[in-house]
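The following exercises are to be worked through with the sequence and the model at hand. Each task is followed by a solution in steps.

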Amino acid sequence: MLGPDLARTLDLAAAAVRQARYVVALTGAGVSVESGIAPFRGPGGIWTKYGEPSPLDFKRFTADPRAWWESRVADERENRRPEWKDFERAQPNPAHIALARLELTGVLRHLITQNVDGLHARAGSRRITEIHGNRYRLRCLDCGERFPRHEFTFEQLPPRCPPCGGVLKFDTVMFGEPIPPDALRTARAEALRADCMLVVGTSAVVHPAAELPMLTRQNGGVIIEINPEESALTRACHLSLRGAAGVVTPELAALVEGVRD
Ligand code: APR
């Protein structure tokens, strides 16, 4: 049962979504928390537990890709990051499913995610930009081509790009690594085109993703946040739905669909 304030704000949010011409979503780790994947910051966060990676991560990788891959393969073999198993067990939760449904009914026109877990696609979303990449893909540093991770055995390290021979890395964007230009271009274009953005489960502290809602806002768009906590974006939001994504997002979708003409 939702509290009266949340219920009232939900009605306002549903009205704003219904009136909008082009709704876009930006999601962060919070949307996958109810799928059993830890966030990065705050209680139980990965960076809270292990410390935030160095901004030199990407530089270290490019300086010696073979050493990086050998260390990573050893970490996986020794199960040094038990949280990696959470990704294998994770299933889309009601938030992912509600966002996919909003796309199916033509309400949500594009979804930009900072998550690398692939759960939005598994929930049925199709119009997705993975601005921080995807953990199930490798990407060539030379030609930018992306390949399914399962197609590689990692016997030869670093793995090489089949067409061009370039060094492959996980598609997941490292600290210190530029966002792949194709993803950033699409994300910015969608944020500029939107007249309403749903910001779901992000602390909004990492750039350039955190700038995307401001692009929508500067064009007069409405920013609606779904997060149990305040975030760095809260002050810029027109409406903040203080609750868990897995609870609030389906409620919002139901209100939007229930009275959509
Ligand atoms: N529903 C909605 N939001 C939630 C939930 C939930 N059930 N649980 C937690 N949250 C919120 C937290 O309050 C927080 O604001 O999700 C947010 C998670 O913040 P972060 O852990 O910082 O994750 P994110 O914002 O996605 O981080 C951005 O930082 O390290 C990089 O590449 C990493 O993509 C990541 C980026």
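Helices (H or I, at least four residues) and strands (E, at least two) are DSSP runs, numbered from the N terminus. The model is predicted, so local features need pLDDT of at least 70 and side-chain atom pairs count only at pLDDT 80 or more, whereas totals for chains, interfaces and linings use all residues. Residues are numbered from 1 along each chain as its sequence is written, and side-chain values use heavy atoms, with hydrogens and water left out.

**Exercise 1. Describe helix α6 from its start to the residue just after its end.**

Step 1. At the N-terminal end, α6 is capped by Asn93, which places a side-chain oxygen 2.7 Å from the backbone nitrogen of Ala95. This is a polar contact, that is, a pair of N or O atoms within 3.5 Å; within protein, one must be able to donate a hydrogen and the other to accept it, and residues adjacent in sequence count only if both atoms are side-chain atoms.

Step 2. Buried means under 20% relative accessible area, exposed over 50%, and partly exposed in between (1.4 Å probe, protein chains only). The buried residues in α6 include Ala95, His96, Ala98 and Leu99. Among the elements that cover the buried residues of α6 are β1, β2, β7 and α10.

Step 3. Gly106, just after α6, has a positive phi of about 85 degrees.

**Exercise 2. Determine the order of the strands in the sheet and trace their pairing.**

Step 1. Two strands pair if DSSP finds at least two bridges between them. The open sheet holds 6 strands in the order β3-β2-β1-β7-β8-β9, with parallel pairing. β3 (128–130) and β9 (239–241) are at the edges, each with a single partner strand, so one side of each has no neighbour in the sheet.

Step 2. β2 is joined to β3 by 3 bridges, and Thr113 has Glu130 in β3 as its bridge partner. Over 5 bridges, β2 also pairs with β1 in the parallel sense; here Val23 stands opposite Leu108 of β2. Since 5 of the 6 residues of β2 are buried, β2 is largely enclosed by the rest of the structure.

Step 3. Between β7 (residues 196–200) and β8 (residues 222–226) there are 5 bridges. Val200 faces Ile226 in β8 as its opposite residue.

**Exercise 3. Identify the residues with the most contacts inside the largest nonpolar core.**

Step 1. A nonpolar core is a set of buried Ala, Val, Leu, Ile, Met, Phe, Trp, Tyr and Cys residues joined through side-chain atoms within 4.5 Å. The largest such core has 29 residues, and Val17, Leu198, Ile224, Leu241 and Leu252 have the most contacts inside it.

Step 2. Elements that each supply at least two residues of this core include β1, β2, β9 and α10 (245–258). The most is given by α1, with 6 residues.

Step 3. Contact means heavy atoms within 4.5 Å. Beyond its neighbours within four places in sequence, Leu241 is in contact with residues including Leu6, Leu10, Ile224, Val248 and Leu252.

**Exercise 4. Which residues are the closest to the ligand?**

Step 1. The ligand is surrounded by 21 residues, counted if a heavy atom lies within 4 Å. The closest are Phe40, Arg41, Trp47, Thr202 and Ser203.

Step 2. A polar side-chain atom of Thr202 is 2.6 Å from an oxygen atom of the ligand. A backbone N or O atom of Ala29 lies 2.8 Å from a ligand oxygen atom, and for a backbone N or O atom of Gly201 the distance to an oxygen atom of the ligand is 3.3 Å.
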